[in-house]
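Here are some notes to read alongside the model. They are set out as numbered points, each on one topic.

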Protein chains: 2
Amino acid sequence: MMTVKTIEWTGSAARLIDQTLLPGKTKYLVIRDDKAMWEAIKMLRVRGAPAIGVAAGYGVCLAVLKAKPKTIAALKKAALKSSAYLATSRPTAVNLFWALKRMDSVLDLFAPDLPVSDAIDMLIAEAQSIQEEDRQTCELIGQHGAPLLKGVKGVLTHCNAGALATAGPGTALAVIYEAAKSAKFTVYADETRPLLQGARLTSWELQQAGIDTRLICDNMAGMVMQRGLVQAVIVGADRIAANGDAANKIGTMPLSIVASYYKVPFYVAAPLSTFDPSLKSGAEIPIEERGAEEITSFGGTNVAPKGTPVFAPAFDVAPAKLIAGIVTEVGVLRAPYTKSIKEAFRKR
Amino acid sequence: MMTVKTIEWTGSAARLIDQTLLPGKTKYLVIRDDKAMWEAIKMLRVRGAPAIGVAAGYGVCLAVLKAKPKTIAALKKAALKSSAYLATSRPTAVNLFWALKRMDSVLDLFAPDLPVSDAIDMLIAEAQSIQEEDRQTCELIGQHGAPLLKGVKGVLTHCNAGALATAGPGTALAVIYEAAKSAKFTVYADETRPLLQGARLTSWELQQAGIDTRLICDNMAGMVMQRGLVQAVIVGADRIAANGDAANKIGTMPLSIVASYYKVPFYVAAPLSTFDPSLKSGAEIPIEERGAEEITSFGGTNVAPKGTPVFAPAFDVAPAKLIAGIVTEVGVLRAPYTKSIKEAFRKR
């Protein structure tokens, strides 16, 4: 497992590694207010559904610290305003909204005469709890998921659902790290266009962990499966509907279709905070679309004629019927998901 | 249709546009011997199955011109040596071998006392015939295929099977150009990693032709189909086996699987020179693998940690059972392909 600190609370600020510069440059940003945190989330300096939940929690703390409220009423106002603002940074990953709701609900505990400094401490403690719980959740996901990879020669993953995406060893990659403790196999990492999280982050994480890695272009995954090089696909998720439909980085849905065609089991790994039981199916999950320049240029080089129009969805939805199992902190959920997801929430 | 000259014979050399520099830079290369032609094919300066057939034909002419043979025997020796050498430039596209075989068979027509200059003229004439026939073939493919796109709102294509890949308006793009003469629709162009022929070449060609274009990353094609934005997929091919299995740029096979899942008809457009009836199925088609740096860096920027191992197949094979039709110069072939391909060769 890698030792890089994706996000940390310094006592008065949040320190995070700028993931847009990896692996070429290891630069830590000190985030001192919620505006800077909003920008960091929007620009994917911090990314991965669980990690942006943690980041948003600290964003609310920073807003309150900066507002220097004199009263609990003023503190609540500043916190709620910041929470609503941070919720606009990215639309698809539900962990963001889940973490902000947790921060909001702490406010309800504050009596009007609670010393403001105590209230601030409680808010920071809540954000730190979100982070610590995520770390533990990742470990549990790894332990529950590792048996799924028993005997594989290879595993394929998409985007980055690793240490950089969470406060722990990751979701999909936690499963891989845990399985790799007692077995040798090769991980095929989709580069994940347009922002190349697979090339830049996953292949870096895996190599740092000493795991045999092959980087491929997204469109080579079909060949990897056809040749029998992998016996499982495992990915993270940004939002999972009540029926098990799972939104994740663009390219995940076609991957699930191709895996089904080649009879390779397709797994999703995600904490319960990624589930959104209020949505009946994936059709209701809002899909973020991003700017043209992420496709038309790279590293300052234009790769398409200037002004070329694009279609740039950032996520798609793997249909529940193509998912062999969803690895959570309470165990591996199996179809029918409507039932197993309900049960998982009861168990929590 | 665009006006760029992909490849031209100048009388003593071959002039071709360096496609690795497009669209940023329009640079023409003057190729004066078969070594330079081998390099141009290998490095994809000239690419596209039909275009590399044409290029190889001229390569043999250049070798013979350079050898300055005094006798027909010496000329034949130089031509056969060059032909065998050029055949090693790229392994998958069969048009290369087909064109070289045509050049070789011209040699059989030479009587020992034929003046050498006449023999050279005949070789050049053969290479020019290959080019002119390809131009006509492209036009016919366009005419036969256009009715398949009747009433579509959108079409999706992969890689570049256009004017830059052939001596005419292309194969898949010939169909699109012909259909666009009498209808308006949007073409979704896969960027086509790793070498971005879709971003650099197809989106450029289509925009020059005034066709409404959306550039997408390869992994967004699933979403385009799921949203009903296209009613057809059409691609070129590099080699088609006797049973209709079609090798084409990496990413084509998963595209055919996803198209089948969303019930979008998947068409292949290719001249008969792309068929290899000596191969029973796609499993026998040799698949070129290319260097790591095409994946690990882009535009001079490293996108993955140094030394990251890759798996880099350049082609894959769409299974015949997922192909709704193969558009050729003699008409649209339909399943069962073993039968319709045999009939097409009889008609030729």
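**Notes on the predicted model**

1. Start with one residue. A:V268 sits in strand β10 of chain A, which covers residues 266–269. The model is a predicted one, and the values below are computed from it. With a relative accessibility of 1%, A:V268 counts as buried, because buried means under 20%.

2. What is A:V268 in contact with, leaving aside its neighbours within four places in sequence? The partners are A:V235, A:G236, A:A237, A:I240, A:A246, A:I323, A:G325, A:I326 and A:V327. As for A:A344, 76 residues separate it from A:V268 in sequence, and the two C-alpha atoms are 15 Å apart in space.

3. Now take the residue with this number in chain B. B:V268 is found in strand β10 of chain B, residues 266–269, and is buried at a relative accessible area of 1%. Apart from neighbours within four places in sequence, B:V268 has contacts with B:V235, B:G236, B:A237, B:I240, B:A246, B:I323, B:G325, B:I326 and B:V327. One of these partners, B:G236, is 32 residues away along the chain, while its C-alpha atom is 5.5 Å from that of B:V268.

4. How do the two chains relate to each other? A turn of 180°, with a shift of 0.0 Å along the axis, lays chain B on chain A with an RMSD of 0.0 Å. The two copies are therefore related as by a two-fold rotation axis.

5. The interface comes next. Chain B gives 57 residues to the contact and chain A gives 57 residues. Of the interface residues of chain B, 100% are also interface residues in chain A, so the copies meet through the same surface.

6. The size of an interface is often given as the accessible area lost when the parts come together. Between chain B and chain A, the buried area is about 4300 Å². Carbon and sulfur atoms give 69% of that area.

7. Which polar and charged pairs cross the interface? Between chain B and chain A there are 19 residue pairs in polar contact, counting pairs with both residues at pLDDT 80 or more. On the side of chain B that touches chain A, at least two residues each come from α7 (197–208), β6 (213–216), α8 (221–226), α9 (252–261), α10 (293–296) and β14 (315–318) of chain B. Sorted by class, that side of chain B holds 34 nonpolar, 14 polar and 9 charged residues. The rule also finds 4 salt bridges across the interface. In a salt bridge between the chains, the side chain of A:R193 meets that of B:E191 at 2.6 Å, N to O.

8. Side chains of opposite charge can pair when their charged atoms come close. Over all chains, the structure holds 32 salt bridges. Within chain A, A:D18 and A:R45 form a salt bridge in which the closest N and O atoms are 3.2 Å apart. A:D18 is in the loop between β2 (14–17) and β3 (28–31), and A:R45 is in the loop between α1 (34–42) and α2 (49–67), so this pair ties together parts of chain A that are 27 residues apart in sequence. A:D18 counts as buried, at 3% relative accessibility.

9. A salt bridge can also lie within one helix, as with B:E139 and B:R135, whose closest N and O atoms are 3.8 Å apart. These two residues are 4 residues apart in helix α5 of chain B (residues 116–145), so about one helical turn separates them. B:E139 is partly exposed at 31% relative accessibility, and B:R135 is partly exposed at 32%.

10. Another salt bridge in chain B joins the side chains of B:R214 and B:D212 at 3.1 Å, N to O. B:R214 is partly exposed, with a relative accessible area of 24%, and B:D212 counts as partly exposed at 35%. In chain A, salt bridges that share partners join A:R90, A:E288, A:R290 and A:E294 into one network.

11. Last, is B:S82 buried or exposed? Its relative accessibility of 3% makes B:S82 count as buried. B:S82 belongs to helix α3 of chain B, residues 72–86. Not counting residues up to four places away in sequence, B:S82 touches B:D34, B:G59, B:V60 and B:A63.

Notes: Residues numbered from 1 in each chain as written. Chains lettered and ligands numbered in written order. Predicted model: local features only at pLDDT ≥ 70, side-chain atom pairs only at ≥ 80, totals over all residues. Heavy atoms only, no water. Least-squares fit on C-alpha atoms with pLDDT ≥ 70 in both. Contact = heavy atoms within 4.5 Å. Buried area = accessible area lost by both parts, 1.4 Å probe. Polar contact = N/O pair within 3.5 Å; in protein donor to acceptor, adjacent residues only side chain to side chain. Nonpolar A, V, L, I, M, F, W, Y, C, P; charged D, E, K, R; others polar. Buried < 20%, exposed > 50% of the residue type's maximum accessible area, 1.4 Å probe, protein only.
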